[in-house]
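Here are a few exercises to work through with the model open beside you. Try each one before reading its solution.

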Amino acid sequence: MAEQTVNKDIAKEENLVFKKTSVLTDKVMHYCPGCGHGTAHRLIAEVIEEMNIQSECIGITPVGCSVLMYNYLDVDMQEAAHGRAPALATAVKRLMPEKFVFTYQGDGDLAAIGTAETIHAANRGENITIFFINNGIYGMTGGQMAPTTLPNMKSSTSPYGRDVKMMGNPLKMTELVAQLPGTYYVTRQAVHTPKDVRKAKKAIRKAFENQKLERGLSLVEIVSNCNSGWKMTPLQANEWMVENMFPFYPMGDLKVDGEMVK
Amino acid sequence: MKELKLMKGNEAIAEAAIRAGADAYFGYPITPQSEVLEYLMAEKPHERTGMVVLQAESEVAAINMVYGGAACGRKVFTSSSSPGISLKQEGISYIAGSELPCLIVNVVRGGPGLGTIQPSQSDYFQATKGGGHGDYRLIVLAPSSVQEMADFVKLGFDLAFKYRNPAMILTDGAIGQMMEKVWLEEQQPRMTEFPEWATTGKKPGKERNIITSLDLDSAMQEKFNLKIQEKYREMEENEVRYETFECDDAEYLLVAYGTSARICQKSVQLAREKGIKVGLLRPQTLFPFPKKKISEMASQVKGILSVEMSAGQMVEDIKLSVEGKVKVGHFGRMGGIIHSAEEIVTALEQKIIGG
Amino acid sequence: MTEEIIIAGFGGQGVLSMGKILAYSGIMQDQEVSWMPSYGPEMRGGTANVTVILSDERISSPILDKFDTAIILNQQSMDKFEKSVKPGGMLIYDGNGIIRHPERKDISICRVDAAEEAAKMENTKVFNMIVLGGYLKVKPLVKLENVIKGLKESLPERHHALLPMNEKAIKRGLEIVQKIHEVNS
């Protein structure tokens with residue numbers, strides 16, 4: 001990348017309005033422009049910085065688009081096999097209960113191959129935080145149908161749309177997990193507007209802080225787009241997400257402080 | 001002070017692990033090794049040493065918990081039996097690929113498939129040749145007594161940490177279920193300092209630690225593979241362990257490990273009563289395999305018989321070590337059947353001496 | 001000295017625990033011991049057997065098909081293990097429920113009617129200890145004091161109140177065992 005020219009008259013400390021969090025590395029992210037992963041990463045990094053827990057954090061990355069998250073977040077990280085992040089996190093937290101332990105997983109990882117690990121970690125009430133990025137598709141492998149793919153939604157393995165009679169129904173893991181007595185905080189957020197970003201950040205902070213209470217698992221779902229996989233421009237993808245994903249995956253808290261939200 | 005107990009092999013593994021200062025056990029019940037988890041739960045190691053014991057939702061979850069714990073630099077282990085070990089293979093490959101130490105116990109039962117709950121040695125290939133995907137090896141220890149079940153726990157952990165590689169105790173239902181005298185080591189404290197590569201939280205002023213088996217750069221991935229292959233060569237150089245029995249004047253050699261080796265000791269006695277000069281070589285490490293010693297013995301004896309509770313797996317390693325110098329035969333029982341000492345002598349007479 | 005024993009009967013008769021007490025007794029007199037049960041679904045209500053070896057030397061195979069002594073507690077086990085006694089060896093059995101008594105002439109045969117005796121003592125749980133007493137009488141390889149020590153080791157502490165009752169049963173077994181047939185080994 002070419003060296004950027006900096007206007008030293010403008011780049012003064014008193015003119016600073018935004019600074020990259022120190023918990024993000026300088027590595028250029030590989031995500032497609034318009035993808036929600038970058039924003040979600042930044043929010044997690046900001047919360048870690050604000051809580052001053054960088055040296056207390058162990059993150060577990062999944063298999064999927066965010067497999068390389070350890071390149072971007074400047075905390076100790078483990079890379080799990082596909083779907084198994086909650087099992088790793090269980091061991092890490094039980095061996096080091098004073099640390100902040102989180103997983104970051106996509107929908108294929110968390111809601112298909114890792115369903116058992118997700119449900120059982122939640123049901124055991126592991127004091128960990130799960131970040132669940134739901135874009136209704138397998139992004140990394142090229143846009144195949146995910147457990148969260150909407151009815152009639154096209155993907156490379158449902159080229160004529162998801163026929164629920166043939167391919168089964170989309171799975172609402174967040175609703176499922178909220179039912180379990182082992183979860184303490186379950187919420188669904190988005191990061192496509194500044195307002196949603198602010199709300200999502202609050203949820204992320206709460207999910208981390210809950211670990212100190214030792215009352216069970218916190219799960220933050222972030223409904224995101226996959227403009228490449230959906231074959232749309234970033235803007236179209238966000239609009240499509242609001243129109244189609246949000247009615248099926250409604251925004252907001254499902255469970256707060258161990259109580260279901262009506 | 002060492003302590004003398006009468007214990008089942010499975011229980012000896014559990015007790016030895018607590019005493020070796022293990023930090024965690026993650027497992028899932030399966031016959032014939034459920035006593036490991038049962039014993040640990042009954043012993044409340046969280047009160048004795050602070051050790052974590054957790055019954056996982058599956059073998060898959062258990063091995064991935066081992067991965068997570070090992071990545072924190074802790075002494076962690078799991079145990080299972082053949083079908084469960086098959087399920088763990090993905091995780092074991094990741095653990096090897098991330099260069100993490102851990103101990104895996106396989107109390108082998110007969111297969112394939114659900115097979116039988118009776119003892120077998122049919123997982124030799126799986127244990128010694130890698131098991132999961134990719135070019136990797138486990139350190140494979142083969143106890144043949146309850147005492148060795150206990151001793152190999154500490155040895156397994158020590159080697160696993162020395163080489164940053166998973167170690168496996170490959171045993172079977174007979175030794176797991178059998179009770180013998182065992183001298184237990186005194187309690188060792190759990191570790192308080194952890195390896196510098198462990199993910200225990202990024203230290204201020206230091207680079208973060210990343211535990212991963214992923215490298216999308218092929219040149220780097222090949223370099224990594226060469227590095228771990230070098231490690232396996234080092235193990236072959238330094239860690240071969242075996243025991244010989246009546247080998248000094250032997251004209252014929254039995255090679256057997258684990259339960260089969262116990263039966264073969266009796267066969268050696270029976271054969272010598274008949275005037276046949278037989279010795280027994282018992283590998284205690286199956287990887288690294290005692291290639292050099294077997295090659296040496298091949299220059300001394302007229303023939304070698306591999307005795308395994310399998311269709312003939314270790315015999316391939318024996319043949320590779322012998323390099324055609326003498327006749328090598330195989331005598332196997334399968335499906336949970338254990339050889340009788342007499343039939344081994346008969347097999348030696350028919351397949352090697354007369355053959 | 002090496003003594004290779006099979007104890008066989010129904011699950012629930014205390015076959016495995018009798019073997020365990022014998023093994024502990026061996027340890028008490030500094031012997032090498034092994035205890036190898038049959039295991040598996042048959043343990044749940046079916047037949048149960050255990051091979052116990054006591055030896056002054058390192059034990060080779062813990063799994064055997066010929067025995068110095070067979071202690072047989074039901075008909076199925078009689079059918080299966082009478083032929084497994086080494087010539088000159090010993091077979092001890094409880095006559096309760098036995099319809100085909102042992103026939104071999106090349107082994108010693110003893111009978112200990114422990115089930116009947118346990119009923120008389122109004123304690124069916126000590127059945128296996130009466131059998132053990134019978135064995136100690138006809139094969140005095142393990143000292144009674146070491147058996148009592150072994151019993152104490154193998155019983156959890158909360159059951160130590162039962163020790164006198166078990167000791168009494170062992171002694172009763174010593175008294176009631178009868179020689180049916182004897183060969184000089």
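**Exercise 1.** How many helices and strands does the secondary structure of chain C come to? Work out their order too.

*Solution.* Keep in mind that this is a predicted model. Start with the tally: chain C has 6 helices and 7 strands. Next, walk from the N terminus, and the elements read β-α-β-β-β-α-β-β-α-α-α-α-β.

**Exercise 2.** Decide how far to trust chain C and the model overall.

*Solution.* First take the per-residue confidence: the mean pLDDT of chain C is 92, with 95% of its residues at 70 or more. Then look at the scores for the model, which are ipTM 0.94 and pTM 0.94. One habit worth keeping: where pLDDT is low, don't read the predicted coordinates in detail.

**Exercise 3.** Check the compactness of chain C against the globule rule, then do likewise for chain B.

*Solution.* For the 185 residues of chain C the rule gives 16 Å, and the radius of gyration is 15 Å, close to that value, so chain C is as compact as a globular protein of that length. Its C-alpha trace spans about 45 × 40 × 35 Å along the principal axes. Now turn to chain B: a compact globule of 355 residues would have a radius of gyration near 20 Å, and the 21 Å of chain B agrees. The C-alpha trace of chain B spans about 70 × 50 × 40 Å along its principal axes.

**Exercise 4.** Describe burial and sequence separation of contacts in each chain.

*Solution.* Burial first, counting a residue as buried if 20 or more other C-beta atoms lie within 10 Å of its own. In chain C, 49% of the 185 residues are buried, and in chain B, 58% of the 355 residues are. Next, take contacts between residues at least 6 apart in sequence: in chain C, 60% of them join residues at least 24 apart. For chain B, the share from residues 24 or more positions apart is 79%.

**Exercise 5.** Which elements of chain C give two or more residues to the side that touches chain B? Follow the contact down to a strand pairing.

*Solution.* The contact draws 17 residues from chain C and 19 residues from chain B. On the chain C side, the elements giving two or more residues are helix H1 (15-28) and strand E2 (32-37). E2(C) supplies the largest share, 6 residues. By class, that side has 10 nonpolar, 4 polar and 3 charged residues. Finally, look across the interface: E2(C) pairs with strand E8 (residues 179-184) of chain B in the antiparallel sense, over 2 bridges. Within E2(C), C:Ser34 is the bridge partner of B:Glu180.

How values were computed. Residues are numbered from 1 along each chain as its sequence is written. Chains are lettered from A and ligands numbered from 1 in the order in which they are written. This is a predicted model: local features need pLDDT of at least 70, side-chain atom pairs count only at pLDDT 80 or more; totals for chains, interfaces and linings use all residues. pLDDT is the predictor's confidence in each residue, from 0 to 100. Two residues are in contact if their C-beta atoms, placed from the backbone, lie within 7 Å. Helices (H or I, at least four residues) and strands (E, at least two) are DSSP runs, numbered from the N terminus. Ala, Val, Leu, Ile, Met, Phe, Trp, Tyr, Cys and Pro count as nonpolar, Asp, Glu, Lys and Arg as charged, and the others, Gly among them, as polar. Two strands pair if DSSP finds at least two bridges between them. The radius of gyration is taken over C-alpha atoms; the globule rule is 2.2 Å times the number of residues to the power 0.38. A residue is buried if 20 or more other C-beta atoms lie within 10 Å of its own, exposed if 12 or fewer, and partly exposed in between; C-beta atoms are placed from the backbone.
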